[in-house]
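Colleague: I am new to this model and would like a close look at a single part of it. Could you take one residue as a starting point and work outwards to the parts around it?

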Amino acid sequence: MHALGGGGGGLGGLWGWNLPPRKHERLRSKNQRRRPNSNSSESAQATSRAGEWFPLKQAMTAGSLALTGDTIAQLSERWRTSKASKKHSSPSDSQDVVQTLLSDHNWLRSLRMASYGFLLYGPGSYAWYQLLDRCLPKPTVTNVMLKVLLNQIVLGPCVIAVIFAWNNLWQGKLSQLPDKYQKDALPTLLYGFRFWIPVSVLNFWVVPLQARVAFMSMGSIFWNFCLSSTMNK
């Protein structure tokens with residue numbers, strides 16, 4: 001019988017006999033089935049630990065969107081400057097306008113904003129939203145309102161303080177940072193309340209945790225554009 005049915009699927013399988021495999025074959029089969037699962041589990045745990053140490057996806061998202069917002073702001077500034085200087089120009093000068101828009105880009109400023117999004121805002125805001133969700137897990141009206149309030153009175157001032165310091169550090173103007181805070185920090189914070197409070201309500205009420213950094217960064221594109229337009233009128 002072993003000669004006919006041995007080998008786990010030899011002649012026994014051919015003739016339709018459902019003979020059980022021998023003990024050592026059963027053990028080998030179980031081990032083969034377990035190995036891929038353990039490997040995948042270990043890789044998933046390693047990925048999870050890496051994500052907890054530094055949320056690369058959220059950092060890249062925030063960095064790229066901060067770069068996009070700064071690029072739109074710079075294009076807007078150059079467009080207004082070119083339009084003001086060529087009010088009485090002929091239609092043939094339109095090519096010069098395009099060249100002006102595409103040239104003279106401040107790449108150091110773009111790198112400064114992108115690095116802020118990648119190194120600071122992306123990881124920092126992701127950790128902040130995780131903390132809020134752990135402390136206020138239930139999506140009740142009270143919890144949502146508390147999250148919006150904490151977002152404005154804690155995260156908002158921290159973001160403004162850090163980005164001002166980051167810009168001044170890159171420009172070598174740390175000595176001017178107290179004056180910068182005194183002059184621009186409070187007006188910027190108050191102006192931002194009108195935009196960020198509705199956005200924060202949507203962020204906590206509708207957007208899932210994994211997408212919150214991207215959603216707030218998308219808001220940052222519009223915020224940077226509006227702020228740049230307002231400050232350069």
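Modeller: A good place to begin is serine 115, which, once its neighbours within four places in sequence are left aside, is in contact with Leu120, Trp166 and Trp170. Please keep in mind that this is a predicted model. Serine 115 belongs to helix 6, which covers residues 107-135. Is serine 115 buried or exposed? Its relative accessible area is 12%, and because the cut-off for buried is under 20%, serine 115 counts as buried.

From the residue we can move to the helices around it. Helix 7 covers residues 141-171, and its axis and that of helix 6 come within 11 Å of each other, crossing at roughly 155°. Since angles over 145 degrees count as roughly antiparallel, helix 6 and helix 7 are therefore described as roughly antiparallel to each other. The crossing of these two helices, helix 6 and helix 7, is right-handed.

Helix 6 also packs with helix 4, which is made up of residues 56-85, and here the angle is about 145° while the axes lie 7 Å apart. This crossing, between helix 4 and helix 6, is right-handed. On the side of helix 4, the residues that meet helix 6 include Ala59, Gly63, Ala66, Leu67 and Asp70. On the side of helix 6, the residues taking part include Met113, Ala114, Gly117, Phe118 and Tyr121.

For the setting as a whole, the protein chain has nine helices and zero strands, so that, read from the N terminus on, its elements run α-α-α-α-α-α-α-α-α. Of its 233 residues, 32% count as buried, and serine 115 is one that is buried. Among the contacts in the protein chain that link residues at least 6 apart in sequence, 69% join residues at least 24 apart.

One further helix is worth following along its length, namely helix 8, which runs over residues 177-205 and spans only 36 Å between its end C-alpha atoms, whereas a straight helix of 29 residues would span 42 Å at 1.5 Å a residue. Where does helix 8 bend? The bend is at phenylalanine 193, and it amounts to about 45°. Among the buried residues of helix 8 are Gly192, Phe195 and Trp196, together with others including Leu177, Ala185 and Phe204.

Definitions and conventions
Residues are numbered from 1 along each chain as its sequence is written. This is a predicted model: local features need pLDDT of at least 70, side-chain atom pairs count only at pLDDT 80 or more; totals for chains, interfaces and linings use all residues. Side-chain values use heavy atoms; hydrogens and water are left out. Helices (H or I, at least four residues) and strands (E, at least two) are DSSP runs, numbered from the N terminus. Buried means under 20% relative accessible area, exposed over 50%, partly exposed in between (1.4 Å probe, protein chains only). Contact means heavy atoms within 4.5 Å. The expected span of a helix is 1.5 Å times one less than its number of residues. The bend at a residue is the angle between axes fitted to the seven residues ending there and the seven starting there. Axes are lines fitted to C-alpha atoms, for helices over the stretch in contact, and angles run from 0 to 180 degrees between N-to-C directions. Angles under 35 degrees count as roughly parallel, over 145 as roughly antiparallel, 65 to 115 as roughly perpendicular and the rest as oblique. A crossing is left-handed if the near helix is turned anticlockwise from the far one by less than a right angle, and right-handed if clockwise.
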